[in-house]
Amino acid sequence: MAILIHMSWVLLLTLISIIFLKKKKNPNSNLRLPPGPRGLPIIGNLHRLNGIPHRWFHQLSAKYGPVMFLRLGFTPVLVISSSEAAEEVLKTKDLETCSRTKLMATGRLSYNFKDITFAPYTDSWRELRKVAVMEFLNPKKLQTLKLIREEEMDFVVKKISNSAPVAVDLSKISFCLAANILCRTALGQNLRTNKVFDEERIVKLVEEGSVASEKMFKELDEFYQHVIDDHLKSLDGPKSTDPSADIVAGLLNMVDKNGTGNLDHVKGTLMDLFLGGIDTVAIIIVWAMAELMRNPRVMKKAQEEIRAVLGSKREKITEEDVDKVEYLKLVMKETFRLHPAVPSIPRETMSHQIKIQGYDIPPNTRIQLNVWAIGRDPKIWKNPEEFIPERFIDSAINYKGQHYELLPFGSGRRICPAMPMASNIVELGLLNMLYFFDWKLPDGMVGEDIDMEDAGMISFYKKAPLILVPVKHHH
Ligand code: HEM
C-alpha cells in the first residue's frame, strides 16, 4: 500500500513538472541551436548515452553533423567533430571557450578545482599554470632533466633484457617508466629508493586514482603530503642534488609569499602532474607498439632506419638521437591521430552566449571536442582507419596545436603545457625499445589478434595489456 501511495505521488509530481515545463517558456526557444537528437524532459539525451562517449558522439554526429547539440540531464553539451569548427572554438573563440565544467569526480580529485587541469578559467588557474611552466614545464628545465629521463630509460632496457626472451607486459613497463620519470623530475621522488611509496604502490595509485573512491583519495592525499613534507625537510637538511622538485618549492612559495591560494592548490597541482602526466605518456607508447606489431611493414621500416642511423654499436641512446630518426616521428604522428590519449577534450563556454559556426551557443555550455573523430574524418584522411605513417611525408601537419586536423594535446590557452616533455619521453621510449629489441607476439598470435579495444574516463588506454616477447637485437 505504502508503495502505491508513493508511486501515485511520483506520477503526480511528474505530471506537474511536465505541465510546468511546457508552460514555462524555454529560454532557448528563440535561439538557432545546432542540430541534435530530441531529448526527453529532465533527462535530455541521457537515456541514449551508450558505451564510450567519443564513439557515441561520433555515431550521432554522422547523423546530425559536426556541430551537434545535446542535453545530458540539465547540462547543455556542444559536440565538435570537424577541424573547421575545432579551429573556430580553439582559435577564434578560445577566450570564450577555455573554461572547464565542474564535475563531482574532478572536484574531489582537484581539491575542489584548486588545480590547473580541472579548474574553470580563473585567476588561480592562471597563477598555477604560470608557476608550473616557470618552475618545471619550460625548455630550459626540460634540458636540465634530460639525464634523469635517459637513466630511467636505461633501467627499462635492462629490465627487458633480463626478461628476454620471456614475454613482458609492455603496458606495465611503459606505465612504470612514465611513473619513475615523472615522480623523479616533477616531484623529486625516486621510487627505487623511496621507503614509503615504491613503484608498485604508485602504479596502483595512478591506475585506481581516477576512480576517486574515498580510500584512494586518502592515499593520494597522503602521497602529496609526503612530497611536500619531504621537500620542507630537505630545505632544513643538506641541499638535494636533484635539480627537480622546484615546482613544489615554486608552489609553496606562491602560497607563502603572494598569499595566493593554500596547501590545497599545491596538492591539486601535484595531482595534475601525477595523475595527468603518467598515464597519458604510457598510453601513447603502448598504442604505438600495438600498431607497430599489427603492421610489420611499418615496424621493419622504423627499425631499419633507426639501426642504420644510430649504427650497430650503441650501448646507450641519448635524447639527441631522437632528432635523427625521421620515420619514427611519422609513426608518432600517426599514433596520435588514431589514438589520442584524451579522445574528447572537455571545455566550457563562459557565462555569455556565443556563436559557433553560425549557431547560437547558450552560456555555460559544456563542449566536447571529439579529436578522436577528427583524426578519422575521411574528408581529411585517406583510408583513415589504416596505420600509414607515410601520409605525413611532405605534409606540414604537426600536433603542436596549430593544425586543427590533429589535436592530441589540444590547442589555445589550455593546450597541454607538458607537450614537449611528453613527446620527448614517448620518442625516447620507442627509440630504445625498437633499437635494442626485436619484438614477437606470444605463441600462436598474429597481429590481427591484438585486441585494440579502449577504455577509460578522460584518458583512454588500451584495455587489454600488451604482452610481447622481446628478442635482444645482437650487434
Ligand atoms: C602524450 C602525453 C600527453 C597527452 C596526449 C596530453 C594531452 C592533453 C590534453 C588533450 C589536454 C587538454 C588540452 C586542452 O584543453 O586544449 C591536456 C592538458 C593538460 N596536461 Fe597533458 N597530455 C600529456 C602529457 C602530460 C604530462 C606529462 C603532463 C604533466 C607532467 C601533463 C599536464 C597537463 C596539464 C597540467 C593540463 C591542463 C592544462 C590546462 O587546463 O590549462 N600532460 N593534456
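**View 1. An open sheet of three strands, ordered S3-S11-S8, with antiparallel pairing.** The model shown here and in the other views is predicted. Strand S3 (168-169) and strand S8 (437-440) are the edge strands, and each pairs on one side only. S8 and strand S11 (residues 467-472) run antiparallel and are joined by four bridges. Lysine 440 has valine 469 in S11 as its bridge partner. Tryptophan 439 stands opposite proline 470, also in S11. On the other pairing, S3 and S11 share two bridges in the antiparallel sense. Valine 168 is bridged to leucine 468 in S11.

**View 2. Helix H7 and the loop that leads to S3.** Helix H7 (residues 146-163) lies across S3, S8 and S11. The angle between H7 and S11 is about 90 degrees. Proline 165 sits in the loop between H7 and S3. The peptide bond between alanine 164 and proline 165 is cis, with omega at about 0 degrees.

**View 3. An open sheet of four strands, ordered S1-S2-S7-S4, with mixed pairing.** Strand S1 (67-72) and strand S4 (344-348) stand at the edges. Each has a single partner strand, so one side of each is left without a neighbour in the sheet. From one strand to the next, the twist averages 25 degrees. Strand S2 (residues 75-80) and strand S7 (residues 366-370) run parallel, joined by four bridges. Valine 79 has glutamine 368 in S7 as its bridge partner.

**View 4. Helix H2 on the four-strand sheet, with the loop between H1 and H2.** Helix H2 (residues 53-64) lies across S1, S2, S4 and S7. H2 runs at about 90 degrees to S7. Isoleucine 42 is found in the loop between helix H1 (2-23) and H2. The phi angle of isoleucine 42 is near 65 degrees, a positive value in a residue other than glycine.

**View 5. The shell of 27 residues around the ligand.** The closest residues are Gly277, Thr280, Gly410, Cys416 and Ala418. Helix H8 (170-187), helix H12 (263-294) and helix H17 (419-436) are the elements that give two or more residues to this shell. Which element gives the largest share? H12 does, with seven residues. Sorted by class, the shell has 18 nonpolar, six polar and three charged residues.

**View 6. Residues 273-293, annotated as a transmembrane region in an unreviewed UniProt entry.** The label comes from that record. In the model, the chain over residues 273-293 is 100% helix and 0% strand. The end C-alpha atoms of this stretch are 30 Å apart.

**View 7. The packing of H12 against helix H15 (residues 326-338).** Two packed helices are described by the angle between their axes and the distance between the axes. For H12 and H15, the angle is about 105 degrees and the axes are 10 Å apart. The two helices are therefore roughly perpendicular to each other. On the H12 side, the contact holds Ile284, Trp287, Ala288 and Glu291. These meet Val331, Met332 and Thr335 in H15. By class, the contact of H12 with H15 has five nonpolar, one polar and one charged residues.

**View 8. The crossing of helix H13 (residues 296-310) and H17.** How do the axes of H13 and H17 lie, and what angle do they make? They come within 9 Å and cross at roughly 90 degrees. That makes H13 roughly perpendicular to H17. H13 brings Ala302, Gln303, Ile306, Arg307 and Leu310 to the contact. H17 meets them with Leu431, Leu434 and Tyr435. By class, the contact of H13 with H17 has six nonpolar, one polar and one charged residues. H17 also appears in View 5, as one of the helices giving two or more residues to the shell around the ligand.

Key: Residues numbered from 1 in each chain as written. Predicted model: local features only at pLDDT ≥ 70, side-chain atom pairs only at ≥ 80, totals over all residues. UniProt positions renumbered as here; feature names shortened; annotations may be inferred. Pairing = 2+ DSSP bridges. Contact = placed C-beta atoms within 7 Å. Axes fitted to C-alpha atoms, helices over the stretch in contact; angles between N-to-C directions. Near = placed C-beta within 6 Å. Nonpolar A, V, L, I, M, F, W, Y, C, P; charged D, E, K, R; others polar. Parallel < 35°, antiparallel > 145°, perpendicular 65-115°, else oblique.
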